[in-house]
Amino acid sequence: MKKYVWFLLSLCVLLTFAMPVCAQEAEAQPQDTAKQIEESDEIAQNIAEPTEDAQPEAAKEEKFDVTSLIMGHIKDSHVWHILDYTKEENGVEVEVPVAVPLPVIVFANGHLDLIYLANDKGGLTFQNGEATEAMEFHESLEYLEANANAEIANEKPLDFSITKNVASMMLVSIILLIVFISFAKAYKKNPGRPKGMQAFLEPVFLYVRDDVIYPNLGEKTDKFLPYLMTVFFFILFNNILGLIPFFPGNANVTGNIAVTMVLAIFTFLMINLNGNKDYWHHTFWMPGVPVFVKPILAVVELMGIIVKPVALMIRLFANISAGHIIILSLVSLIFIFQTIAVAPVSVIFVLFMDCLEMLVAFLQAYIFTMLSAVFISLAVAEHKHE
Amino acid sequence: MDLVTPGIGLVFWTTIIFLTLLIVLGKVAWKPINNAIKKRSQSIEDALNQAEIAREEMKKLQADNEKIMDEARAERDKMLKEAREIKEQIVAQAKSEAEKAAAKVMAEAEQKRDAMMVAAMADIKNQVLDLSIAVAEKVVRKQISTTPDQEMLVNDLVKEIKFN
């Protein structure tokens with residue numbers, strides 16, 4: 001026990017000293033994110049006056065922009081940023097970002113374009129000839145065909161890029177596949193008492209099966225087990241990977257509304273495709289109430305059908321995003337106060353929040369799975385009364 | 001607003017990734033794991049049931065053993081008791097027979113003694129008779145001259161004879 005306490009303490013100290021280093025890296029980020037241009041007219045402005053970029057950036061070095069730093073992290077990105085370092089070039093300090101280039105795939109003008117990001121001389125530019133200066137490092141990608149007046153000529157393209165979140169999700173999928181295929185294989189080799197990894201994962205599996213799925217679905221557990229297990233471990237692994245503050249982690253996958261929306265839609269489909277006669281009967285023509293109440297209840301039930309997955313979607317998205325925002329805010333305190341003295345406080349709070357977020361990672365995976373199981377069980381329940 | 005607007009690309013990729021995971025993991029992970037765990041818990045349950053049955057049988061056997069032991073003990077006690085009784089009986093019988101035999105011996109001895117006594121008496125009487133006859137003979141032979149003497153002699157003799 002004592003060993004762990006020492007380990008944690010030394011970790012604290014280490015992080016405290018590491019913080020200034022990280023600070024410099026983080027400071028670089030606003031410059032990238034400052035380039036985030038969401039509105040197309042802003043882009044147009046940039047094309048027209050590319051030199052203007054440098055001045056506000058210099059001004060921003062004085063005033064630390066927390067919002068853009070945090071939002072830059074919370075939102076998806078077309079590069080997987082690792083760190084920045086400064087280097088002297090012709091007497092001028094240049095920020096050099098180190099990032100994993102990710103392929104950009106856009107669907108525009110009726111055809112699919114695959115554009116690779118290159119990572120040369122620190123700047124990330126599209127190698128496709130059509131790319132323009134303004135597309136550099138662009139968060140909300142616009143497929144631009146600027147005309148002479150610096151106005152955007154084309155429509156906003158559909159962005160099917162392998163973004164940071166997609167890449168992170170793929171990584172999680174690979175981890176999940178490796179972990180659970182080997183977990184399944186362990187049973188062929190060792191059907192008796194679980195050992196090693198198997199002994200670690202089995203209680204989790206059994207917990208989800210016996211305490212989350214079975215109490216709701218009972219006899220139908222086996223039918224819905226694959227879906228609910230996949231949901232649970234997909235969310236859990238994404239949450240945990242999102243908590244790792246450095247490279248292969250830190251993507252805010254389950255804190256992205258698109259991801260939670262897809263998961264919620266899957267639950268929606270599982271509920272409504274498996275809903276039995278009783279379920280639809282209860283939805284559209286509630287038995288056991290006066291006739292004039294039935295249409296009102298039908299409206300309420302129909303709203304419920306939509307609201308259930310929407311609640312799932314928002315809960316997961318908001319919880320995970322909030323966690324990331326809090327941790328980033330706590331780290332940002334150091335740069336807001338511009339003093340290292342805040343670092344220990346920040347570190348301790350971040351450590352505390354990280355622990356809390358570990359709990360939330362499990363809790364949200366649990367709640368999503370649990371509620372999905374509950375909703376499915378309501379849809380497949382056989383009513384014995386009446 | 002950007003934050004809560006789902007991007008089409010991410011929706012697309014999430015769907016593909018999640019569906020792939022669902023299908024692959026469902027086939028190669030969840031079902032085999034679930035079946036393996038079920039099979040194992042079934043076998044554990046069977047083993048427990050069998051153990052329970054074995055324990056019951058064991059208990060029954062133990063009860064039987066106890067019963068047999070009790071019976072054997074009772075049998076032994078009974079046998080011991082009987083043996084003791086027989087012993088006592090035999091001893092008593094032997095005693096009475098011995099007493100009887102002793103009494104018989106005594107009686108016989110007494111009878112013999114009596115008989116011998118009678119014989120002895122008879123013998124003595126005969127001898128006394130012979131003796132008196134001899135005396136009388138002598139007396140008669142020697143001094144039958146005087147009657148008073150004779151009478152005195154006879155009286156003396158008779159006195160002597162009268163000893164019983």
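## Two crossing helices and a chain interface

Helices α5(A) and α6(A) are roughly perpendicular to each other, because angles of 65 to 115 degrees count as such. This is a predicted model, in which local features need pLDDT of at least 70 and side-chain atom pairs count only at pLDDT 80 or more, while totals for chains, interfaces and linings use all residues. Residues are numbered from 1 along each chain as its sequence is written, and chains are lettered from A in the order in which they are written.

The axes of α5 (residues 164-189) and α6 (residues 196-217) of chain A come within 10 Å and cross at roughly 110°. Axes are lines fitted to C-alpha atoms over the stretch in contact, with angles from 0 to 180 degrees between N-to-C directions. On α5(A) the contact is made by S182(A), F183(A) and A186(A), and on α6(A) by M197(A), Q198(A) and L201(A); contact requires C-beta atoms, placed from the backbone, within 7 Å. Four of these residues are nonpolar, two are polar and none is charged.

Chain A has 11 helices and seven strands, taken from DSSP runs (H or I, at least four residues, for helices; E, at least two, for strands). Within chain A, residues 24 or more positions apart supply 65% of the contacts with a separation of 6 or more.

Between the chains, 30 residues of chain B are in contact with 38 residues of chain A. The chain B side divides into 20 nonpolar, seven polar and three charged residues.

Chain A averages a pLDDT (the predictor's confidence in each residue, from 0 to 100) of 76, and 70% of its residues score at least 70. Over residues 15-60 of chain A the pLDDT is below 50.

Technical notes. Parallel < 35°, antiparallel > 145°, perpendicular 65-115°, else oblique. Contact = placed C-beta atoms within 7 Å. Nonpolar A, V, L, I, M, F, W, Y, C, P; charged D, E, K, R; others polar.
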